[in-house]
Amino acid sequence: MTLMLVNEARSSRWQAQEISHYAQRLRFTLADGPSDRLIFPRHGPFDERLGYTRLPGFQKRLEERGFDVREQVRMSPAMLDYASHGFFVPYAEKTQAGLTLTECRGETMHRFANPQRHFAHFEDVPELVLKSLLFIENRDLLDTEYRYANPAVDWPRFVRAAVSQVGDAINLPGQSSGGSTLATQLEKYRHSPGGLTVSAQEKLRQMVSASVRAYRQGPETLTARQDVALDYLNSVPLSAAPGYGEVHGLGDGLWIWFGAELEEVRSVLTSDASESAALTARGRALRQVIALMIAQRRPSHYLRSGHDDLDELSASYLRLMTQQELIDPALRDAALEQPLVFRDFATDPVSLTIESDKGLRLARGRLASLLGVSLYALDRLDLSATTTLNAALQRQVSDYLKQLETPSAAAAAGLFGRHLLSHPDAAPGVRYSFTLFERGDDGFRVRVQTDTNGTAFDINQDSKLELGSTAKLRVLASYLEIIADLHQRHAGKPREALRRVDVDRNDALMRWVMDQLTRDPDMSLKTMLDAAMQRRYSASPHERFITGGGLHTFTNFRREDNDRRPTLEDALRQSINLPFVRLLRDLVRHHVYANPDNRRLLEDDNDPRRDLYISRFADQEGRIFLDRFWTRHQGLSPEARVTRLIGNNNATPIRLAAMQRYLTPDQSPDDFGQWMREKLPANAQNTRGLDDQKLDGLYRQFAADRYSLNDRAYLSRVHPLELWLVGYLATHPDASREEVMLASIEERQESYIWLSRTRHREARDSRIRRMLEVEAFDDLHRRWALLGYPFSQLVPSLATALGTSGDRPAALAELMGIILNDGIRQPTMRIDSLNFATDTPYETRFSRTRRGIRVMAPEVAAVLRDGVISVVEAGTAGRLAGTFRHQDGSPMTVGGKTGTGDNRIETVTRTGEVTDSRARNRTATFAFFLGERHFGTLTAYVLGNEADDYRFTSSLPVQVLKSMQPLLSPYLASEDTQTCRSDPAPLIMAAKHPLMTPEHF
């Protein structure tokens, strides 16, 4: 029996047969749909980095965001049982993996290989590297005498390690030794928790897992043992480097820590040249290799702070290898003469450079957001994904828009003239953003999304811009939807029933619909919507609008429109401002007065709900005032705040005493008197008779418990919330804005308590109407959000009709897609598939499956589509008419909406006179569709004070789009749906293109 055990320990013949037979049952296959026979790993540094442990979480996130599992692995019953006992399942593990991102034509946009440098095959490993590895770690690993040897167990080494552990337990002297072979080390640093062996049970798990993996391909193991050596060299952990992150494998380790390229080291170590320089290079390379193999034992120490220790150890191993005749003395001496020289990260930093292409940044950012990981972690996942972008078209559009910053290219594109750029020097200051979507059956695919911003910030997707008249399209869409809702509710009713419908005199929309249906109860929705577009609104700017808590006036872009009363169709076509301001007012009034409860609220002063609305008003307006006062006093000393609070008011004793006794209630009478004399000029008339007795009287009269906050503020001639804020900051100097808002809840209510007590009911009514207006804008926001509006709220002001609430170019493009798609909102697709862990037992493939939802009646979409077509054919985008054509030469249907935002900070007197006007930015946008499948936006913008020098309108982006016709037409003309052309035509500058002449602009 003893002889049999000894023979088996040497040959491993029996275990080779049994384990290899068992390993053949550990299989996995890829099948359609989600798997019910799959166990993911729960720990292990490599499983975590490659994303295998996080796949259940990724699956949940992706399913919540419109992806489904298209295919997933099914484990065999034996593999399921094996994994359920905690063993590491056997498969051909990857020593190099990372994110691969391809675009819609199959071109690779980005591939991150981690590690970046590695040996592709066992034969590529230099003999000196292999000898060094085996001598240091596992000397009998590649012994060819025993064909069935188990690389997971080196019995003599295992026995020595066991004896060593027993010795440690009973405190016997001697150096402890480890029993890990290279095969078990691989299991440890790849799959054990934290990459450590924390118990005998964990060591057993490593050994069993390594044994099963070794016999996966059959009982003979030489190839498997070679794979162990190769995998170890390619994946051994070697700490983390500044600016780079984790370092794995000998190849990356040589580059990161010593600045040596793997191919150069390989070439040097395989050379047999005998010259002194060649020997020196071989010695240096060998010492670096040996140093890294030793460093893996304590990588954070040896590679960061223990350089001297590593230098000494590597020298010792060089001498030992010479004694074992693994290297000759000449090479040893050459290596010993070469001390280890580590990279100086301060003077020679190393970092990963990712291509700065805007499309790539967009796709990687979207992927990271989908998965909830950092870009660093994303690149190291075992993941391949596809983006909907057309990389070739993306690059060409990006390059073209960048060219427009040069005066010559801008001139060739026809960008100078009235409502465009005024002179050549203006071209470099303008930035452009462009999005192009393709409408498909399952989504709106982003084909191009770029800008010339020059930073990682994405104007299309991340900005909040005042895009001017494009907001009119959203207002018009809401208007037509309300008309459609009313038609659905009342169409077909008898005339008698229609006449009995209670319509408030302030609800113009309801009254108009009832009038139309009374005349024709069976009027179709299409007929009513067409009639709704023919309703007329005044364009007069000579009206003051009570909105947003104040009195506002608005102007038209063209003075000749001031006396007009255009139809909404014409107002859209010519982008006239005032009709849409008045239309939005009708929408707000419809919300307020169509609800009988709101009418009762305004009519009955005893309605208990009025107190609730006034309380909400006090809270909201109090926040506005507090925010203003916070800005006014932030960063000042307590003394400076009081000085600013006093301001230029007539500093009477009563005003100052009322203020000071509130701000410093614990001040002594003497200090109070001294403060009063300092603040009141000695020769001022109001100081006569201000003796000690008078000051003592003021001190007692304005004690803290004598007056309410409102009364004291009235006596002090300041706003009660400003007085409260200065007092609060005196005792809470480090308070944040949020803490101030939270602490002032009661004071905000107290400062408006007069509203409930005044006999002037109109004061209450106006505040309640203000809150009802806010509710109307909340309702309007819900409608806009269904159409892709990207922000959480609207500015509750009629100025929203002209863009005050802001928008995003990508969101406007989505609105245009909804209109083009007959009112169905499809998911916006930038990533359409993700494949995790290919060729592993955890492989999972996701694809987009979420379908569109109807957010707009098809009749509403049709009317809007006709409206934006008229904008191009005979409106503000008329210069684009006839530019784009089908392959047969027939005109392509093109529609769009223009918008210009001149965003300024203005100082205005009480009479409305503007005394100062400073530009923040200027934007001009064109949201468009081209044909039946493509839509997008093009925006021109200038940021900062430079915008003062520009007067361009939305004619500029329209002209830029026109100049892009030679580039876009070949892509647009394809007859195939959801095509992604592989060869977008190169753009020829417009002035040189045979179809584009200066007259054509």
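Ring pairs join F40, Y52, Y91 and Y842 into a cluster in this predicted model. Across the whole structure, a search finds 23 aromatic pairs. The protein contains 43 helices and 19 strands, and 54% of its 1001 residues are buried. Among contacts with a separation of 6 or more, 71% are made by residues 24 or more positions apart.

**Aromatic rings and charges**

- Y189 and Y232 form a tilted aromatic pair, with 6.1 Å from centre to centre and 55° between the planes.
- This pair links distant parts of the chain, since Y189 belongs to helix α8 (residues 182-191) and Y232 to helix α10 (residues 222-235), 43 residues apart.
- Y189 is buried, at a relative accessible area of 5%.
- Y232 also counts as buried, because its relative accessibility is 2% and the buried class covers values under 20%.
- R49 is placed over the face of F46, 4.4 Å from the ring centre.
- R922 is likewise placed over the face of F952, 5.7 Å from the ring centre.

**The surroundings of helix α8**

- Helix α8, which carries Y189, is mostly covered, with 9 of its 10 residues buried.
- The buried residues of α8 are L182, A183, T184, Q185, L186, E187, Y189, R190 and H191.
- These buried residues pack against four helices and a strand, namely α3 (45-49), α6, α9 (200-214), α10 and β5 (237-241).
- One of these partners, α10, is the helix that holds Y232.

**The crossing of helices α24 and α27**

- The axes of helix α24 (residues 508-519) and helix α27 (residues 577-593) come within 7 Å and cross at roughly 85°.
- That angle makes α24 roughly perpendicular to α27, because crossings of 65 to 115 degrees are placed in that class.
- On the α24 side, A508, L509 and M510 take part in the contact, and they meet D586, L587 and H590 of α27.
- By class, the residues in this contact are 4 nonpolar, 1 polar and 1 charged.

**Backbone features in loops**

- Most residues other than glycine have a negative phi, and most peptide bonds are trans.
- The peptide bond from N114 to P115 is cis, with omega near 0°.
- P115 is found in the loop between β4 (108-111) and α6 (127-137); helix α6 is also among the elements that the buried residues of α8 pack against.
- R717 is not a glycine, yet it has a positive phi of about 65°.
- The loop that contains R717 runs between α34 (709-716) and α35 (720-731).
- R717 counts as partly exposed, because its relative accessibility is 41% and that class lies between the 20% and 50% limits.
- A837 is another residue that is not a glycine but has a positive phi, here about 55°.
- A837 is located in the loop between β14 (831-836) and β15 (844-848).
- In its loop, A837 is buried, with a relative accessible area of 1%.

**The buried loop residue S954**

- S954 belongs to the loop between β19 (934-943) and α42 (955-963).
- Although it is a loop residue, S954 is buried, with a relative accessible area of 8%.
- Apart from neighbours within four places in sequence, S954 is in contact with T898, G899, T900, A924 and T925.

**The long-range contacts of A618**

- A618 is part of helix α29 (residues 609-633).
- The relative accessible area of A618 is 1%, so this residue is buried.
- A618 and I753 are separated by 135 residues in sequence but by 8.5 Å in space, from C-alpha to C-alpha.
- When residues up to four places away in sequence are not counted, A618 touches R748, Q749 and Y752.

Technical notes: Residues are numbered from 1 along each chain as its sequence is written. This is a predicted model: local features need pLDDT of at least 70, side-chain atom pairs count only at pLDDT 80 or more; totals for chains, interfaces and linings use all residues. Side-chain values use heavy atoms; hydrogens and water are left out. Axes are lines fitted to C-alpha atoms, for helices over the stretch in contact, and angles run from 0 to 180 degrees between N-to-C directions. Helices (H or I, at least four residues) and strands (E, at least two) are DSSP runs, numbered from the N terminus. Angles under 35 degrees count as roughly parallel, over 145 as roughly antiparallel, 65 to 115 as roughly perpendicular and the rest as oblique. Contact means heavy atoms within 4.5 Å. Ala, Val, Leu, Ile, Met, Phe, Trp, Tyr, Cys and Pro count as nonpolar, Asp, Glu, Lys and Arg as charged, and the others, Gly among them, as polar. Rings of Phe, Tyr and Trp (its six-membered ring) pair if their centres lie within 6.5 Å; planes under 30 degrees apart count as stacked, over 60 as edge-to-face and the rest as tilted. Buried means under 20% relative accessible area, exposed over 50%, partly exposed in between (1.4 Å probe, protein chains only). A charge sits over a ring if NZ of Lys or CZ of Arg is within 6 Å of the ring centre and within 35 degrees of the ring normal.
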